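Here's a set of exercises to work through with the model open beside you. Try each task before you read its solution.

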Amino acid sequence: MKRSTLMFVGALSVLPLAAAQAAGHGEFGPETGDREFSIAGTGGGDRDFDNSSIGLSGDLGWYLQPNVVVGIRQSVSYADVEGQSASDDFWNGSTRGYADYQFGHHKFRPLVGASLGAVYGDAVKDSAFAGLEAGAKYYVLPKTYMLGRAEYQWFFDDSSDSDDNFDDGAWVYTVGIGFNF
C-alpha cells in the first residue's frame, strides 16, 4: 500500500513538470519582447596596452527577436594613463546604443554586435566612437546568464575621421551577469 501510494504521489508530482515542458516553459533564454539587464566589470586598454582602465558597465536591452537585442549601455571607469602622476584620478564614462545577434537557442550563445556612442571624462578627449563586439552568454538559469564580451572601439569627431582612426582604437573587455525579464 505504501509503495503504490508513493508511486502515485511521484507520478502526480511529475505532471506539472511535464505540462510546463509541453507549454515551452523551462527553456533557457529570452523570447521576443523580453528585456535584459546586465551588470558587469569592465576593463580596457589602448592598442598597445600602455594605458588601461577598470570600471562598471550596465546594459538595458529589448529583444526584437529571441536572438536579436538592441539597447543602451552605460559605463564608468577609472583610468591609469601612461605618463601621468599616480596621484591623479581620471574618471571616464561612455554611453552607447548597441545591437547584438546571438547564435543558437541553447544555454551557450555566442554573440556578435556593433555599438555607436560617446566617450567623455577627465582623461579622454570627448568624442564619438563606433565599436564592434563579440562574446558569449551562458544561461545558468532559464532567465539568468553569465556574460563575456570584447569590444573594439575607434574614436572620431566627425564622420570623415572614422575611417582614419580605425587603427588607433581601444579594446574593452567585459565580464558580468545578466537577467531577462
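**Exercise 1. Find the partner of V76, then work out the pairing around β3.**

Start with a single bridge: V76 has G93 in β4 as its bridge partner. Before going on, note that this is a predicted model, where local features need pLDDT of at least 70, side-chain atom pairs count only at pLDDT 80 or more, and totals for chains, interfaces and linings use all residues. Residues are numbered from 1 along each chain as its sequence is written, and side-chain values use heavy atoms, with hydrogens and water left out.

Next, zoom out to the strands. Strands here are DSSP runs of E with at least two residues, helices are runs of H or I with at least four, and both are numbered from the N terminus. Two strands pair if DSSP finds at least two bridges between them. Strand β3 (residues 68-80) and strand β4 (residues 90-102) pair in the antiparallel sense over 12 bridges.

Now look at the other neighbour. Strand β2 (residues 52-65) is joined to β3 by 13 bridges, again antiparallel. G61 has G71 in β3 as its bridge partner, and a hairpin of 2 residues links β2 to β3.

**Exercise 2. Sort the residues of β3 by face, then describe the surroundings of V68.**

First, the faces. The covered face of β3 holds V69, G71, R73, S75, S77 and A79. On the uncovered face you'll find V68, V70, I72, Q74, V76, Y78 and D80.

Then pick V68, which lies in strand β3. Is V68 buried, exposed or partly exposed? Buried means under 20% relative accessible area, exposed over 50%, and partly exposed in between (1.4 Å probe, protein chains only). V68 comes out at 23%, so it's partly exposed.

Finally, list its company. Contact means heavy atoms within 4.5 Å. Setting aside neighbours within four places in sequence, V68 is in contact with W62, Y63, D100 and Y101. V68 and Y101 are 33 residues apart in sequence, yet 4.8 Å apart in space, C-alpha to C-alpha.

**Exercise 3. Follow the sheet from β4 to β7.**

Step one is β4 to β5: they pair in the antiparallel sense over 11 bridges. R96 has G117 in β5 as its bridge partner. The hairpin of β4 and β5 has 5 residues between the strands, and in that hairpin G104 takes a positive phi near 85°.

Step two is β5 (residues 108-121) to β6 (residues 127-141), which run antiparallel and are joined by 12 bridges. Two pairs to click on: S115 stands opposite G131 in β6, and A114 stands opposite L132 in β6.

Step three is β6 to β7, antiparallel with 13 bridges. L132 turns up again here, standing opposite Y152 in β7. A hairpin joins β6 to β7 through 2 residues.

**Exercise 4. Place W154 and decide how covered it is.**

W154 lies in strand β7. Its relative accessible area is 13%, so W154 counts as buried. Now check it against W171: the two are 17 residues apart in sequence and 9.0 Å apart in space, C-alpha to C-alpha.

**Exercise 5. How many cavities of 30 Å³ or more does a search of the whole structure find, and which residues line the largest?**

Set the terms first. On a 1 Å grid over the protein atoms alone, a cavity is a set of points where a 1.4 Å probe fits but cannot get out, and lining residues have an atom within 4 Å of a point. Grid points are joined across faces, edges and corners, and a volume is the space filled by probe spheres set on the points.

The search finds 1, and the largest cavity has about 30 Å³ of space. Its lining consists of E36, S38, D59, R73, D100, L111, K137, Y145, L147 and R149. The elements giving two or more residues to that lining are β1 (35-46) and β7 (144-156), with the largest share, 3 residues, coming from β7.

Last, sort the lining by type. Ala, Val, Leu, Ile, Met, Phe, Trp, Tyr, Cys and Pro count as nonpolar, Asp, Glu, Lys and Arg as charged, and the others, Gly among them, as polar. That gives 3 nonpolar, 1 polar and 6 charged residues.

**Exercise 6. Sum up the chain.**

Count the elements: 2 helices and 8 strands. Read along the sequence, they follow α-β-β-β-β-β-β-β-α-β. Of the 181 residues, 34% count as buried.

Note on methods:
On a 1 Å grid over the protein atoms alone, a cavity is a set of points where a 1.4 Å probe fits but cannot get out, and a pocket is an open set with protein on both sides within 12 Å along at least five of seven lines; lining residues have an atom within 4 Å of a point.
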